[in-house]
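Student: I would like to go through this model with you. Could we begin with the overall fold and then turn to the charged residues?

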Amino acid sequence: MGTEQPRILIVDDDGELRELIAETLADYGFSSSAAAKGREMFKAIESESFDVILLDIMMPGEDGLSLCRTLRTPGNPYAGIPIIFLTALKDTADKVVGLEIGADDYLAKPFQSRELI
């Protein structure tokens, strides 16, 4: 019939933002799930297949940088899932660190819907 849209996991501690991102993605035909913290993220990727992870950096407990490092550990079965950081950290140095750790892209909050898509 057609190609299946990528399945996206939204990992952010802000519930309203998770909901807004999920609605935006749905408006463009994308399917998504959400997690509020690292433990929930790992539960989700162990039970479902995702094509992309949208990952906040600044979260209580384990932050997004640490979660990205864990995912990118050699031998991790989920190491190949693309990661896009969504974060309020806007400095070039923050972006460089995020990309060096293993993120595939970096989007500073606030962002426009079309920029995310």
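Tutor: The discussion below moves from the fold to the salt bridges and then to the surface. This is a predicted model, in which local features need pLDDT of at least 70, side-chain atom pairs count only at pLDDT 80 or more, and totals for chains, interfaces and linings use all residues. Residues are numbered from 1 along each chain as its sequence is written, and side-chain values use heavy atoms, with hydrogens and water left out.

Student: How many helices and strands are there in the protein chain?

Tutor: The protein chain has five helices and five strands, where helices (H or I, at least four residues) and strands (E, at least two) are DSSP runs numbered from the N terminus. Their order from the N terminus is β-α-β-α-β-α-β-α-β-α.

Student: What share of the residues is buried?

Tutor: Of the 117 residues, 40% are buried. Buried means under 20% relative accessible area, exposed means over 50%, and partly exposed lies in between (1.4 Å probe, protein chains only). Those areas come from the Shrake-Rupley method, with only the protein chains shown counting as cover for residues.

Student: Changing topic, how many salt bridges does a search of the whole structure find?

Tutor: The search finds four, a salt bridge being a side-chain nitrogen of Lys or Arg within 4 Å of a carboxyl oxygen of Asp or Glu. One of them pairs Asp12 with Lys109, with the closest N and O atoms 2.8 Å apart.

Student: Where do Asp12 and Lys109 lie in the chain?

Tutor: Asp12 is in the loop between strand 1 and helix 1, and Lys109 is in the loop between strand 5 (105-108) and helix 5 (113-116), 97 residues apart. Asp12 is buried at 2% relative accessible area, and Lys109 counts as buried at 16%.

Student: Which side chain meets Lys109 at 3.3 Å, N to O?

Tutor: That is Asp56, in another salt bridge. Asp56 lies in strand 3, so its pairing with Lys109 ties together parts that are 53 residues apart in sequence. Asp56 counts as buried too, at 4% relative accessibility. Shared partners join Asp12, Asp56 and Lys109 into one network.

Student: And on the surface, which residues form the negative patch?

Tutor: The patch is formed by Asp13, Asp14, Glu16, Glu19, Glu23 and Asp27. Asp14 sits in the loop between strand 1 (7-11) and helix 1 (15-27). Patch residues have over 30% relative accessible area and no salt bridge, with like charges joined within 9 Å and nonpolar side chains (Val, Leu, Ile, Met, Phe, Trp, Tyr) within 5 Å.

Student: Is Asp14 buried or partly exposed?

Tutor: Asp14 is partly exposed, at 37% relative accessible area.

How values were computed: Accessible areas come from the Shrake-Rupley method with a 1.4 Å probe; for residues, only the protein chains shown count as cover. Lys and Arg count as positive and Asp and Glu as negative; His and the chain ends are not counted. The place of a charge is taken as NZ of Lys, CZ of Arg, CG of Asp or CD of Glu.
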